[in-house]
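Trainee: Please take me through one part of this model in detail. I would like to look at where the two chains meet, seen from the second one.

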Amino acid sequence: MKGLIKKDFLILKRSSKMILFLLVIYFICSIDANGMESSILPFMMAVLCNSTFSYDEYNKWDPYAMTLPGKKNTVIAAKYAMTLVVMMIAFVFTVVISYIMGTVRGDYSLGISFQDGLLGVSLGILAIAIIFPLIIKFGLEKGRIAIMIGSIGLAAFFMIVGSIIEVPKNVAGFLEVYLVYLLPLLAMTLLIGSYFLSTKIYSKKEF
Amino acid sequence: MNYIIEIENLVKKYDAFTLGELNLKIPKGEIVGLIGENGAGKTTLIKALLGIIKPTRGRIKLFNNYVEQEADNTDIGVVLDNMFFPELLTVKDIDSIMKDIYPTWDCKLYDEQLSKFGIPMDKPLKKLSKGMRKKVEIVTALAHHPKLLILDEPTSGLDPVVRSEVLDIFLDFIQDEEHTILMSTHITSDLEHIADRIVFIENGKVSMNDAKDEILDNYGILKCDLEDFGQIDEKDMIAYKKNRYNYDILVDHREDKKKKYKKFCIDKITLEDLMLLMIKGERR
């Protein structure tokens, strides 16, 4: 598996210009902070992890990977492992940058920086948990369409539910305080489920 | 005889195509050429052998072990047609990745072979010519010291000089009696140079599986004018093709037929002629 993880990291390294571009965008967003900027970097890194699928698909890597020693699902395990490592790096970056920017603005707080990092990484992991099985099942092109339809559907669902159901004040208060800690748990649970779903899809897939 | 690949009653069904039912045994220590027209089932067969696709039914034995769920491909080197590492990666990256995948990966051999071919290590695959890329694929297939090479169109797109270099590598590889090569190709002249055995796949089935020398010694093309065609016994025609001014007739037992049809010219056959007549010719 180490070799397969290394392969994806080398792809990311070769697209380092894109990573630098993302960092610049992140810095620009962070200068005039309003709270939302913290989630941008991990989310963008998650999108970048998805891009490794497009290189794989373009060069028909998957059938070649099937000919290598090891179990078929190692390819999927390596993708999820690579993503987790990337998310950890994104977390550290988010905390550090959030702290630096807070210091520059004079309202720094390590606690808030930590929460910024948690929130961002949770969103990134959530995105991966949803996107990976779709890409593995439908391929990149059809997978993108599925992601788009899914996102619109999900947004519409929450809007409708939000307009019908009024969240009790005590629940809203609880979420305001603890959401930042619940979200990573939810994201990790979904990611584990997503991994098992992806391996099931992949084991049935033929190239 | 010791077989490295044994295929029993293999069937793979698709909507528009069915491979098999197919039985085939590949002896250890031989170079076996897989020939047939596009869509005949060569690549499907190779994919089934490597576990890329699951057979609808039938069994495959590799190295004397049944491939039940997932094949252990440690001792197999593979070159597939247009399937390889993402082209963003460099030749050196492949070395770095593969040494973590194969316990027997030989960095020195990889470096040496690539330097011999003059391939720069730091170039991404996308910057290499088609020939260079193919060489990287072949060197990658060899660098973990496999016992079996499975090659799908390994020489396609290569110029004659490079093809000859690549064929020499295969001949070096086969010097070890434990080594075997199964190679599908449309360049039948390559097989005439190096193959020991020819397996001809037609419409998903094996229609010929013989030693190459036996095929080339046994078969011939009887050439006759249009008006002489009636003089040839139908039982002697395996297949025939009508040209503008004459007929080409595929016959076996060439020397016997030479004696029987003294007034006609019976030429030695090439694998390409054989393929063309078997595929395009009328069968009797």
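**The interface, from chain B**

Mentor: In this predicted model, 30 residues of chain B are in contact with 28 residues of chain A. About 2,700 Å² is buried between the two chains, and carbon and sulfur atoms give 59% of that area. Now the polar side. There are four salt bridges between chain B and chain A. One of them joins the side chains of Lys6(A) and Asp100(B), at 2.7 Å from N to O. Polar contacts between the chains come to 11 residue pairs, with both residues at pLDDT 80 or more.

Which elements of chain B supply this side? Those giving two or more residues are helix 1 (42-50), helix 2 (91-98) and helix 4 (130-142). Helix 2 gives the most, with four residues. By residue type, the side of chain B that touches chain A divides into 15 nonpolar, six polar and nine charged.

Some backbone details of chain B deserve a check too. Most residues other than glycine have a negative phi, and most peptide bonds are trans. Asn82(B) has a positive phi of about 60°. Asn82(B) sits in the loop between strand 6 (76-79) and helix 2. His145(B) also has a positive phi, near 55°. The loop holding His145(B) runs between helix 4 and strand 7 (148-152). His145(B) is partly exposed, with a relative accessible area of 45%. Finally, the peptide bond from Gly20(B) to Glu21(B) is cis, with omega near 10°. Glu21(B) belongs to strand 2 (residues 18-27) of chain B.

Key:
Residues numbered from 1 in each chain as written. Chains lettered and ligands numbered in written order. Predicted model: local features only at pLDDT ≥ 70, side-chain atom pairs only at ≥ 80, totals over all residues. Heavy atoms only, no water. Contact = heavy atoms within 4.5 Å. Buried area = accessible area lost by both parts, 1.4 Å probe. Polar contact = N/O pair within 3.5 Å; in protein donor to acceptor, adjacent residues only side chain to side chain. Nonpolar A, V, L, I, M, F, W, Y, C, P; charged D, E, K, R; others polar. Buried < 20%, exposed > 50% of the residue type's maximum accessible area, 1.4 Å probe, protein only.
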